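The following exercises ask the reader to examine a protein model step by step. Each task is followed by a worked solution.

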Amino acid sequence: MINNINSCILFKECTVYEELKSLKYEIRRYNKNSYILEEGDIIKSLGIIISGNAKIVKYDEEGDENLIGLLQVGELFAEVFVINKNPLYINVIALNDVEVLFIDYNSLLTNKPLTRNLLEIIAEKNLTLNQRINHMSKHNIREKILSFLYSFKTKNISINMDRNELANYLGIDRSALSRELSNMKSEKIIDYYKNDFRLL
C-alpha cells in the first residue's frame, strides 16, 4: 500500500521506502465513518491517506456538518495543527475503509528534502484556501458556482463532491444550489450529469 503515496508531494523527487527509513511513523486502519482525527485532539504526527477516502468537517453549534475538504490517496492532512501545536478544530472522518500513514513531525524535520516539500504543500493549500474564500465571497449563488467551475481552467470538469458537499463547500443551501444548477442548464450556461460538468 505504501506505493500508493508515490504521488504525494511530500515525497517529490524522493523514494518513499528510502525516506521512511529515517522517519518515525506508523500505519493505522479505520472503518467507514470512523473518526481518524477528532476536534480537540492535540497531535504530533501528520497524516497521509494510503488507501480509501476521508472528509474534513467542522460542526456548528447546532451540530450541522460543514465540509472543509475531501482527502484522497496520497493527500497530506493535519500538518498545520502539528506545526502550531494547537488543538484540532476540525474532524477527519473515513468515507470508506481507510489506511493512514502517520509521520512524526520532529523526525520529519531532520530530513531536509521532505521539509522543503512540506513547505511547498502548505503554500499550495494556502492558495486553495484563498480560492475557496474567493468563491464564497461572490454576491450570488450563480457567481459562486461559476467561480468554482472556472477555477478548474477546463470546460470539462469532474468533481469528487456530491450536492450536499458542494453546497457546504460554497456556503450555500443545498436546495438553492440544485435549483440554480437546473436554471443554468436550462439557459445553456452549463451542462451536467451527476458529478460531471461542462461549461458551454
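The model is predicted. In it, Lys125 and Glu79 form a salt bridge, with their closest N and O atoms 3.1 Å apart.

**Exercise 1. A salt bridge between helices**

Task: Determine where Lys125 and Glu79 lie, and classify Lys125 and Glu79 as buried, partly exposed or exposed.

Solution.

Step 1. Lys125 belongs to helix H4, whereas Glu79 belongs to helix H2 (residues 79-84). The two residues are 46 residues apart, and the pair links distant parts of the chain.

Step 2. Buried means under 20% relative accessible area, exposed means over 50%, and partly exposed lies in between.

Step 3. The relative accessibility of Lys125 is 32%, so Lys125 counts as partly exposed. For Glu79 the value is 4%, so Glu79 counts as buried.

**Exercise 2. A second salt bridge of helix H4**

Task: Identify the partner of Glu120 in a salt bridge, and explain why the pair ties together separate parts of the chain.

Solution.

Step 1. The general principle is that side chains of opposite charge can pair when their charged atoms come close.

Step 2. The partner of Glu120 is Lys12, and the closest N and O atoms are 2.7 Å apart.

Step 3. Glu120 is part of helix H4, while Lys12 lies in the segment before helix H1 (16-20); the pair therefore ties together parts that are 108 residues apart in sequence.

Step 4. Glu120 has a relative accessibility of 35% and counts as partly exposed. Lys12, at 33%, also counts as partly exposed.

**Exercise 3. Two further residues of helix H4**

Task: Decide whether Asn117 is buried or exposed, and state which residues Asn117 touches. Then examine Arg116.

Solution.

Step 1. Asn117 is located in helix H4, which spans residues 112-136.

Step 2. The relative accessible area of Asn117 is 1%, and Asn117 is therefore buried.

Step 3. When residues up to four places away in sequence are not counted, Asn117 touches Ile9, Leu10, Phe11, Lys12 and Cys14. Lys12 is also the salt-bridge partner of Glu120.

Step 4. Arg116 is likewise found in helix H4. With a relative accessible area of 46%, Arg116 is partly exposed.

Step 5. Arg116 and Tyr25 are 91 residues apart along the chain, and their C-alpha atoms are separated by 19 Å.

**Exercise 4. The largest pocket**

Task: Describe the lining of the largest pocket, and state which element gives the most to this lining.

Solution.

Step 1. The largest pocket holds about 1,500 Å³ of space.

Step 2. Its lining consists of 45 residues, and those nearest the centre of the pocket are Ile68, Gly69, Lys125, Thr128 and Leu129.

Step 3. Two or more lining residues come from each of strand E4 (54-59), strand E5 (65-71), strand E6 (76-77), H2 and H4. H4 gives the most, with twelve residues.

Step 4. By class, the lining of the largest pocket comprises 26 nonpolar, 13 polar and six charged residues.

**Exercise 5. Helix H5 and the largest cavity**

Task: State which residues of helix H5 are buried and what covers them, and then describe the largest cavity.

Solution.

Step 1. Just at the start of H5, a side-chain oxygen of Asn140 reaches to within 3.2 Å of the backbone nitrogen of Arg142.

Step 2. Helix H5 spans residues 141-150, and its buried residues include Lys144, Ile145, Leu146, Ser147, Phe148 and Leu149.

Step 3. The elements that cover these buried residues include H4, strand E9 (156-158), helix H6 (163-170), helix H7 (174-186), strand E10 (190-193) and strand E11 (196-199).

Step 4. The largest cavity contains about 30 Å³ of space. Its lining is made up of Ile145, Phe148, Leu149, Ile159, Leu166, Leu170, Leu181 and Phe197. H5 and H6 are the elements that give two or more residues to this lining, and H5 gives the most, with three residues.

Step 5. The lining of the largest cavity has eight nonpolar residues, no polar residues and no charged residues.

**Exercise 6. Salt bridges in the whole structure**

Task: State how many salt bridges the structure holds, and describe the pair formed by Arg198 and Asp191.

Solution.

Step 1. The structure holds ten salt bridges.

Step 2. In one of them, the side chains of Arg198 and Asp191 meet at 3.9 Å, N to O. Salt bridges that share partners also join Arg142, Glu180 and Glu187 into one network.

Step 3. Arg198 has a relative accessible area of 39% and is partly exposed. Asp191, with 28%, is partly exposed as well.

Methods
Residues are numbered from 1 along each chain as its sequence is written. This is a predicted model: local features need pLDDT of at least 70, side-chain atom pairs count only at pLDDT 80 or more; totals for chains, interfaces and linings use all residues. Side-chain values use heavy atoms; hydrogens and water are left out. Helices (H or I, at least four residues) and strands (E, at least two) are DSSP runs, numbered from the N terminus. Buried means under 20% relative accessible area, exposed over 50%, partly exposed in between (1.4 Å probe, protein chains only). Contact means heavy atoms within 4.5 Å. A polar contact is a pair of N or O atoms within 3.5 Å; within protein, one must be able to donate a hydrogen and the other to accept it, and residues adjacent in sequence count only if both atoms are side-chain atoms. On a 1 Å grid over the protein atoms alone, a cavity is a set of points where a 1.4 Å probe fits but cannot get out, and a pocket is an open set with protein on both sides within 12 Å along at least five of seven lines; lining residues have an atom within 4 Å of a point. Grid points are joined across faces, edges and corners, and a volume is the space filled by probe spheres set on the points. Ala, Val, Leu, Ile, Met, Phe, Trp, Tyr, Cys and Pro count as nonpolar, Asp, Glu, Lys and Arg as charged, and the others, Gly among them, as polar. A salt bridge is a side-chain nitrogen of Lys or Arg within 4 Å of a carboxyl oxygen of Asp or Glu.
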